[in-house]
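User: I would like to go through this structure step by step. Please reason briefly and finish each reply on the value or name I ask for.

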Amino acid sequence: MVPDISTGSRTYGLLAYLYGPGRRDEHTDPHLVAAWSPELAPDPGRDPAVTLKQLTDRLDLPVLALPKERRPARHVWHCPVRTAPGDRHLTDAEWGEVARRIVHATGIAEDGDDKACRWIAVRHADDHIHIVATLKREDGRSPRRHEDGIRAQAECRKIEREWGLQVLNEGDGTAAQPPTSAERSKAERTGRAEPPRETLREQVRQALAGAVDEDEFFRRLTEAGLRLEERIAPSGDTIGYKVALPGDRNRDGQPIWFPGSKLAPDLSLPKIRERLEAGTVDNEPALGGPVHPSSRPARARRGATHIAEQALTTLAGDDDGDAAAQLVGVGELLDAVAQTAPGSTRKELSEAARTFERATRSHVRAERADHRALRSAARGIVRAGNALGKGEDGGTTAMLLSTMVLVTIAAVRWHSARGHAQQAAAARQAAQHLRAAYRTAAATPMNTMRAQGRQLPAPVRDRYAHTLEGALPTQADNLLCEPGWDALAATLAQAEHKGHDPEVLLQNAIESRELDTADNVTDVLVWRLRRIGELPAASISARARTNPRLRPSQPQAPKPTTTEYPARRDTNSSRRPGPRR
């Protein structure tokens with residue numbers, strides 16, 4: 001059950017919408033289910049002789065009775081309340097009870113207060129009602145509605161438990177303000193895919209990702225095409241900022257501005273300055289990566305993978321301040337990856353970054369914590385530019401996303417252990433988007449590696465299978481049946497060809513971070529081995545066909561064999577290896 005409180009200035013206009021057909025004829029049988037006084041509140045939905053003007057006048061009477069200078073500019077209080085998808089349809093009597101409990105909890109009209117505000121509850125659909133009140137009491141005073149949104153949410157949680165409805169996640173006051181119903185309606189009318197508030201929030205977060213200082217942050221905002229206005233104190237110092245979308249104007253033709261604090265609590269200028277000071281990044285971050293040639297986006301992603309793995313350790317530790325800071329850094333890293341992703345994965349990554357944004361804020365303060373490494377990784381990715389969806393760019397994108405899935409799962413565990421229900425749910429949803437993006441990014445490189453693994457001679461495959469059994473004895477049987485086993489065998493062969501000891505390298509990959517939360521352990525090991533061993537992340541088969549020097553040579557088997565590497569096996573590549581000889 002979701003309440004959504006906003007205020008406005010036109011009682012008649014709101015009632016005309018509630019009692020009208022709706023924008024797509026979705027309103028059916030609009031009528032009152034509750035009111036401050038059933039005897040005094042006329043219902044245009046049930047009495048043909050009653051007009052909207054009459055109902056408006058009754059609601060506005062306490063406001064109009066005051067001198068003009070005492071009338072609030074936005075005197076209309078509007079609170080739609082909607083049940084969750086899948087909940088049963090409530091009766092009119094039940095919706096009336098919901099309305100009475102919410103106006104009591106929010107201070108609009110407490111039980112037994114005959115001087116309270118006037119209010120009504122209109123139903124025009126099965127799954128929701130609209131509560132409308134005017135913000136002057138019968139005695140001329142204003143209602144005490146401090147934190148009315150939080151109180152309405154708390155009352156809805158009580159109703160859900162008492163009535164057996166879906167119990168939604170409780171908030172903690174750190175969520176970003178959602179678009180109002182008026183903002184959503186305007187977006188629909190003007191053909192926007194979403195309300196400007198949501199677009200601006202995403203673009204401001206992307207501008208902040210990896211920014212060195214305030215000047216670079218403001219420059220990125222203007223480069224993104226946003227209107228920017230800084231708030232300047234008499235001293236000449238900047239004390240705030242606000243942004244607007246080009247073309248988004250009010251009735252007077254003026255830009256509709258959103259201060260950073262209205263987009264999200266951590267996007268106010270003081271909060272941004274705290275982040276910039278706590279996580280100062282290098283102006284020219286080093287792009288980590290292997291010694292073989294690769295593009296800047298690929299090197300940036302490879303380096304970011306190692307830093308993201310370190311965040312996993314912090315999230316599993318006992319320092320809440322450090323963990324909270326790492327979550328902020330992870331959010332910036334996701335913002336950076338999303339804005340530079342190829343078209344094949346950009347949508348899922350943008351959704352992951354948007355969703356995870358909720359998981360970056362809680363009441364746990366990131367004091368004395370250091371997230372410079374993650375911010376530097378985000379900066380490196382942004383400065384490296386857009387990645388391609390193929391080749392080394394595509395492979396290192398899959399490498400990074402494989403780790404980011406584990407990081408978001410660690411965030412779910414961390415928030416859940418501290419009772420942060422909304423943040424845990426957001427991280428869980430982000431993980432789903434990251435999984436989808438990973439599957440897309442990994443498809444080509446993993447398919448190529450699987451083909452290479454199936455071409456390995458039987459004795460070599462058996463030797464690597466026994467290596468895996470020695471490193472993970474309790475999991476080996478399952479891992480050898482995973483689709484990623486062939487790719488893992490190919491990776492071990494390439495690592496051995498480069499001079500690594502497969503057993504030592506595999507053990508290092510296993511011990512570097514936990515594997516319990518991995519969906520496909522073999523996939524995770526493939527990317528860890530390729531990062532640790534500085535192996536190419538992309539397919540090498542096409543290059544190998546044209547450049548013999550890039551073809552992997554025969555790894556040294558424990559005993560001589562008559563099969564020359566890399567001859568194709570005639571037997572089924574998915575069969576289990578034979579017993580150790």
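**Rings, sheet, cysteines and a cavity**

Analyst: The model is predicted. In it, the count of aromatic pairs comes to 3. The rings of F217 and F218 have their centres 5.5 Å apart and their planes at 40°, so this pair is tilted.

User: Which residues do the ring pairs link into a cluster?

Analyst: F217 is buried, and F218 is buried too. Ring pairs join these residues and one tyrosine into a cluster. The members of the cluster are F217, F218 and Y241.

User: In which sense do strand 7 and strand 8 pair, and over how many bridges?

Analyst: Strand 7 covers residues 227–232 and strand 8 covers residues 238–244. Along this pairing, R227 stands opposite A244, and R231 stands opposite G240. The sense is antiparallel, and the number of bridges is 6.

User: Which residue in the turn of the hairpin has a positive phi?

Analyst: The hairpin is formed by strand 7 and strand 8, with 5 residues between them. In the turn, a phi of about 95° belongs to G236.

User: Which strands stand at the edges of the open sheet?

Analyst: The open sheet has 3 strands in the order 7-8-9, with antiparallel pairing. An edge strand here has a single partner strand, so one side of it is left without a neighbour in the sheet. Strands of a sheet pair through backbone hydrogen bonds. The strands at the edges are strand 7 and strand 9 (258–259).

User: Is L226 buried or exposed?

Analyst: L226 is found in the loop between helix 7 (214–223) and strand 7. Its C-alpha atom is separated by 6.5 Å from that of V243, 17 residues apart along the chain. The relative accessible area of L226 is 7%, and the limit for this class is under 20%. Therefore L226 is buried.

User: How many disulfides does a search of the whole structure find?

Analyst: A disulfide needs two cysteine sulfur atoms within 2.5 Å. The search of the whole structure gives a count of 0.

User: How far from C156 is the nearest cysteine sulfur?

Analyst: C156 is in no disulfide. The nearest cysteine sulfur is that of C79, and its distance is 7.1 Å.

User: What are the relative accessibility of C156 and the relative accessible area of C481?

Analyst: C156 counts as buried, whereas C481 is exposed. The value for C156 is 0%, and the value for C481 is 61%.

User: Which helix gives the largest share of the lining of the second largest cavity?

Analyst: The count comes to 2 cavities of 30 Å³ or more, and the second largest has a volume of about 30 Å³. Its lining residues include T305, M399 and W527. Helix 10 (296–315), helix 14 (391–417) and helix 20 (521–532) each give two or more residues to this lining. The largest share, 4 residues, comes from helix 20.

User: How do the residues of that lining divide into nonpolar, polar and charged?

Analyst: E309, R528 and R531 are among the residues that line the second largest cavity, and Asp, Glu, Lys and Arg count as charged. The lining also includes S402, T403 and V524. It divides into 3 nonpolar, 3 polar and 3 charged.

Definitions and conventions: Residues are numbered from 1 along each chain as its sequence is written. This is a predicted model: local features need pLDDT of at least 70, side-chain atom pairs count only at pLDDT 80 or more; totals for chains, interfaces and linings use all residues. Side-chain values use heavy atoms; hydrogens and water are left out. Rings of Phe, Tyr and Trp (its six-membered ring) pair if their centres lie within 6.5 Å; planes under 30 degrees apart count as stacked, over 60 as edge-to-face and the rest as tilted. Buried means under 20% relative accessible area, exposed over 50%, partly exposed in between (1.4 Å probe, protein chains only). On a 1 Å grid over the protein atoms alone, a cavity is a set of points where a 1.4 Å probe fits but cannot get out, and a pocket is an open set with protein on both sides within 12 Å along at least five of seven lines; lining residues have an atom within 4 Å of a point. Grid points are joined across faces, edges and corners, and a volume is the space filled by probe spheres set on the points. Two strands pair if DSSP finds at least two bridges between them.
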